[in-house]
Amino acid sequence: MSEAERGSGHGGANNGANNGALRHIKVLDLSRVLAGPWASQTLGDLGAEIIKIERPGTGDDTRAWGPPFVQDAEGHATGESAYYMCANRNKQSVAVDFTQPEGQALVQRLAAQCDVLVENFKTGGLVQYGLDYPSLARINPRLVYCSVTGFGQDGPYAHRAGYDFLIQGMGGLMSVTGKPDGEPGGGPVKVGVALTDILTGLYASTAILAALQAREHTGRGQHIDLALLDVQVACLANQGMNYLYSGNVPQRMGNAHPNTVPYQDFPTADGHMILAIGNDGQFARFCNGAGTPEWAQDARFMTNAARLAHRVELVAMIRALTVTRTTKEWIALLEQHAVPCGPINTVQDVFDDPQVKARGMQRSMPHPQAGDVPIVASPIRLSDTPVAYRRAPPQLGQHTDDVLAKHLQMDEQELAHLRQIGVLA
């Protein structure tokens with residue numbers, strides 16, 4: 001990859017410069033796995049300084065979630081999995097054991113200087129360490145404290161641990177994902193990435209930015225209570241509203257859409273393609289391009305409501321037609337008629353796609369053991385304060401001494417003592 005691709009393309013430079021919108025914000029990140037780290041990485045991409053607190057010896061759980069692992073120059077696996085690398089760039093790792101009083105004091109002193117704290121411990125799990133919101137708000141009333149849990153700070157499930165797969169099931173997503181029960185392969189299916197975690201991370205970063213803006217007017221921080229289950233219920237979107245307005249429980253429909261037709265995959269001569277027709281004009285253009293203009297004049301298909309009522313017969317007609325050309329032939333044809341369509345790419349296809357390449361969605365960053373490592377770029381594009389890729393995901397404890405010396409003015413003797421008694425890695 002060229003230097004231009006590495007650093008100076010879309011999304012800001014990879015040279016350590018920080019002109020980000022949040023460069024004045026300092027975040028203490030006590031979270032691990034995905035939802036919390038995704039939120040803090042988003043803030044870091046926007047320029048915030050992120051201090052990631054990790055357990056000495058093990059660190060973030062996802063460091064071990066491999067293979068694949070980052071490999072060093074000799075081809076040996078390091079302590080960082082590809083999973084860990086997806087959510088931890090632009091952070092500094094500080095390995096502190098806050099189960100010990102000395103470690104608690106260090107984290108409290110850092111929190112006193114920070115604008116934001118992100119944590120995803122079980123509800124009440126940080127009280128015993130004096131790292132809960134009421135305790136830290138007494139030290140730093142301006143602190144924006146974001147708690148990410150499975151079920152929230154109250155309610156009958158508040159004490160339970162929550163994981164993305166579990167929440168996809170409990171939150172209704174798996175009831176509308178997959179083929180219908182009566183079809184071969186039918187049954188509930190989870191989304192192929194931990195989507196509820198990612199959505200929660202995005203909601204968390206939005207809520208944090210709102211709380212920081214409110215602080216500009218009130219002078220006070222606040223506690224943000226984000227639950228994976230709440231997020232998944234909110235993200236049922238049209239499916240949730242379809243139920244609330246109709247009383248009909250949405251069902252799994254494979255790749256079909258409950259509210260518009262044709263909006264699904266169709267077979268071609270050499271595979272499959274997607275038609276994503278969202279209005280009557282697009283349907284008419286599809287019919288003209290496909291050589292069946294009479295379909296657009298058929299009363300059964302002229303409007304979306306009519307097409308919904310006659311979904312089965314229309315889909316069968318389209319399927320019989322689409323198998324007559326290859327995927328590339330259909331896409332080339334339909335794009336001439338401004339019909340939304342596309343292939344079903346593998347992940348390899350995605351990163352080979354010319355649009356994805358043009359947008360700079362794959363980048364590389366220097367890593368202390370592995371040389372350059374690939375990352376997936378942020379999708380955020382800001383014209384004046386662009387995302388910058390300042391730090392590769394850190395090794396465990398990589399910045400412990402630097403951060404504690406800089407922010408807490410600790411000298412080598414103090415650091416050596418804390419390391420000797422096991423508070424620091």
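These legends accompany a set of close-up views of a predicted model.

**View 1. The parallel sheet has six strands.** Welcome to the first sheet, an open one in which 6 strands follow the order S5-S2-S1-S6-S7-S8 with parallel pairing. Strand S5 (92-95) and strand S8 (223-227) stand at its edges; each has a single partner strand, so one side of each is left without a neighbour in the sheet. From one strand to the next, the twist averages 20°.

**View 2. Strand S1 sits between S2 and S6 in the strand order.** Here we follow the pairing strand by strand. Strand S1 (residues 26-29) runs parallel to S6, and 3 bridges join the two. S1 also pairs with strand S2 (residues 49-54), in the parallel sense and over 4 bridges. Leucine 28 is a handy place to pause: opposite this residue stand leucine 117 in S6 and isoleucine 51 in S2.

**View 3. Strand S6 has buried side chains pointing both ways.** In a regular strand, side chains alternate between the two faces of the sheet. In strand S6 (residues 116-119), Val116 and Val118 point one way, while Leu117 and Glu119 point the other way. All of these residues are buried, Glu119 included. S6 pairs with strand S7 (residues 144-149) in the parallel sense, over 4 bridges. Within this pairing, valine 118 stands opposite cysteine 146 in S7.

**View 4. Helix H2 lies across four strands of the parallel sheet.** The strands in question are S1, S2, S6 and S7, and helix H2 (residues 35-45) runs at about 155° to S2. The loop between S1 and H2 holds valine 33. If you like to check backbone torsions, look at this residue: valine 33 has a positive phi of about 75° although it is not a glycine.

**View 5. Asparagine 90 has a positive phi and is buried.** Another backbone torsion to look up belongs to asparagine 90, whose phi is near 60°, a positive value in a residue other than glycine. Asparagine 90 is placed in the loop between helix H3 (82-85) and S5. Why does asparagine 90 count as buried? Its relative accessibility is 2%, and buried means under 20%.

**View 6. Two cis peptide bonds involve proline 67.** One cis bond joins glycine 66 and proline 67, with omega about 5°. The peptide bond from proline 67 to proline 68 is also cis, and its omega is near 5°. Proline 67 is found in the loop between S2 and strand S3 (69-71), and proline 68 is in the loop between S2 and S3 too.

**View 7. A second open sheet is antiparallel, with helix H13 packed on it.** Its 3 strands come in the order S9-S10-S11. The edge strands, strand S9 (263-268) and strand S11 (341-343), each pair on one side only. The twist in this sheet averages 30° from one strand to the next. Between S9 and strand S10 (residues 271-276), 6 bridges form the antiparallel pairing; glutamine 264 has leucine 275 in S10 as its bridge partner. Helix H13 (residues 311-322) touches S9 and S10, and its direction makes about 35° with that of S9.

**View 8. Met241 belongs to a nonpolar surface patch.** The patch covers about 610 Å² and is made by Met241, Tyr243, Leu244, Tyr245 and Val249. Methionine 241 is found in helix H9 (residues 237-246). With a relative accessible area of 44%, methionine 241 is partly exposed.

Technical notes:
Residues numbered from 1 in each chain as written. Predicted model: local features only at pLDDT ≥ 70, side-chain atom pairs only at ≥ 80, totals over all residues. Heavy atoms only, no water. Patch = residues over 30% accessible without salt bridge, like charges linked within 9 Å, V, L, I, M, F, W, Y side chains within 5 Å. Areas by Shrake-Rupley, 256 points an atom, 1.4 Å probe, with all protein chains shown as cover. Salt bridge = Lys/Arg side-chain N within 4 Å of Asp/Glu carboxyl O. Buried < 20%, exposed > 50% of the residue type's maximum accessible area, 1.4 Å probe, protein only. Pairing = 2+ DSSP bridges. Axes fitted to C-alpha atoms, helices over the stretch in contact; angles between N-to-C directions. Contact = heavy atoms within 4.5 Å.
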